[in-house]
Amino acid sequence: MIGRELFLWLIEVVIYTFFREVQVRGSYNIPKSGATIIVIAPHANQFLDAILTIYNVYRNTNGRWCAFVEAAVSFRRLLVGFLSRCAGALPVERAQDILEYRDQGEITFEDYDSDPTLIKGINTHFTKTCMVKGLIGLPNSLGNAQILEIIDDEHLKLTKTFQQSKAIELLSNNKTSKFKSAPKIDNSKIFKAVFHHLHDGGIIAIAPEGGSHDRTELLPFKPGVAIMALGAVAEKLDESNKDTYDPNFEVKIVPCGMNYFHPHKFRSRAVFDFGKPIIVTAQDGREYKENSRKKVGELLEEITEAVKAVTIQSPDYETLMTIQAARRL
């Protein structure tokens, strides 16, 4: 395993080889100590987003090392997996990464117009090959959907229907298609690892959109980031465990907007904008214990709005710099 300083040097070589300039705004918003979560968006590049975040946090906090929450599928790749382990990344398994053809049958909509979530199987064995809260996916990356209920071997209901119009067309008018499925993922271990890291006063980074993309708008945020912050605080409120009990423990969530200009060109520019932290307190932890779903939804909405505030879409670098100057004034 290579040393941290050598790894940082490698990151610096990559950054200043491929980028003409990397601007960092609002670095004073990154706490110099204490449990911290950096929330980055939009998630344009799985590799660059991670190394730029690690490097910028390290250089602007006098040496805080940022552990990136990363898809476990990346750890299974030879080079990326090696670098991820060197960086101390935390692997999280995603159901969409383990979708496989587990059933020889085909699927279609029972009646899309009356119930777009009801799926009919032909020669399928849903009770054996699928799982409630697992995923069912279509070929050619046409999307996936979570399973709400398995009615029998040839009928199941989705939490919500497939989103892509091509997916809907593929299964409409009695047309059928082969399908993939994935079991429900138990990420309790990764949450425990994140809680432990935060309890030790560590700093993590996460891209809550759940996957990289090149769209101008943000994708809906996954709830994991809110659960990590609230769960870490809630665990400290267990009075029966005197070793960990700490009613003053809090987690700071720092939104980070990423702007790449001509990211597919050599020697392009990037701007990182860190926003004002959201502080998750013991009171939030108590509310989470009382009604987890409601509190997660509220915090996730707050995080989304905070990230939107630092993700200014601009047609070019000069325009963004003008906007940034106007904001400072």
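Me: How do you know that the structure holds zero disulfides?
Reply: This is a predicted model, and a search of the whole structure finds zero of them. A disulfide needs two cysteine sulfur atoms within 2.5 Å. The sulfur of Cys86 has its closest cysteine sulfur in Cys66, 16 Å away, so that distance is too far for a bond. Cys256 is in no disulfide either, with the sulfur of Cys66 as its nearest, at 9.6 Å.

Me: Why are Cys86 and Cys256 called buried?
Reply: Buried means under 20% relative accessible area. Cys86 has 12% relative accessibility, so Cys86 counts as buried. For Cys256 the value is 0%, and therefore Cys256 counts as buried too.

Me: Which residues of helix α4 are buried, and what covers the buried residues of α4?
Reply: Helix α4 spans residues 78-86, and Gly81, Ser84 and Cys86 are buried in it. The cover over the buried residues of α4 includes α1 (4-18), β3 (66-71) and α3 (72-75). Just after α4 comes Gly88, with a positive phi of about 75°.

Me: What makes Tyr58 and Trp65 an edge-to-face pair?
Reply: The structure holds seven aromatic pairs, and Tyr58 with Trp65 is one of them. Rings pair if their centres lie within 6.5 Å, and planes over 60 degrees apart count as edge-to-face. For Tyr58 and Trp65 the values are 5.8 Å centre to centre and 80° between the planes, an edge-to-face pair. Tyr58 and Trp65 are both buried. Ring pairs also link Phe7 with Tyr58 and Trp65 into a cluster.

Me: Why is the pair of Phe191 and Phe195 called tilted?
Reply: Planes under 30 degrees apart count as stacked and those over 60 as edge-to-face, with the rest tilted. Phe191 and Phe195 have 35° between the planes and 6.3 Å centre to centre, and the pair is tilted. Both residues lie in helix α7 (residues 188-199), four residues apart, about one turn of the helix. Phe191 has 19% relative accessibility, so Phe191 counts as buried. Phe195 is buried as well, with a relative accessible area of 9%.

Me: Where does Lys236 lie with respect to Phe249?
Reply: Lys236 lies over the face of the Phe249 ring, at 5.6 Å from the ring centre. The cut-off for a charge over a ring is a distance within 6 Å, along with a limit of 35 degrees from the ring normal.

Me: How do you know that β5 and β6 pair, and in what sense?
Reply: Two strands pair if there are at least two bridges between them. Strand β5 (residues 106-111) and strand β6 (residues 115-122) have five bridges, in the antiparallel sense. Phe109, for instance, has Ile119 in β6 as its bridge partner. The two strands form a hairpin with three residues between them.

Me: What makes the protein as compact as a globular protein of that length?
Reply: The protein has 11 helices and 14 strands. Its radius of gyration is 22 Å, and the globule rule gives 20 Å for 329 residues; the two are close, so the protein is as compact as a globular protein of that length. Along the principal axes, the C-alpha atoms fill a box of roughly 60 × 55 × 45 Å. Of the 329 residues, 48% count as buried. Among contacts between residues at least 6 apart in sequence, 69% join residues at least 24 apart.

Conventions
Residues are numbered from 1 along each chain as its sequence is written. This is a predicted model: local features need pLDDT of at least 70, side-chain atom pairs count only at pLDDT 80 or more; totals for chains, interfaces and linings use all residues. Side-chain values use heavy atoms; hydrogens and water are left out. Buried means under 20% relative accessible area, exposed over 50%, partly exposed in between (1.4 Å probe, protein chains only). Contact means heavy atoms within 4.5 Å. Rings of Phe, Tyr and Trp (its six-membered ring) pair if their centres lie within 6.5 Å; planes under 30 degrees apart count as stacked, over 60 as edge-to-face and the rest as tilted. The radius of gyration is taken over C-alpha atoms; the globule rule is 2.2 Å times the number of residues to the power 0.38.
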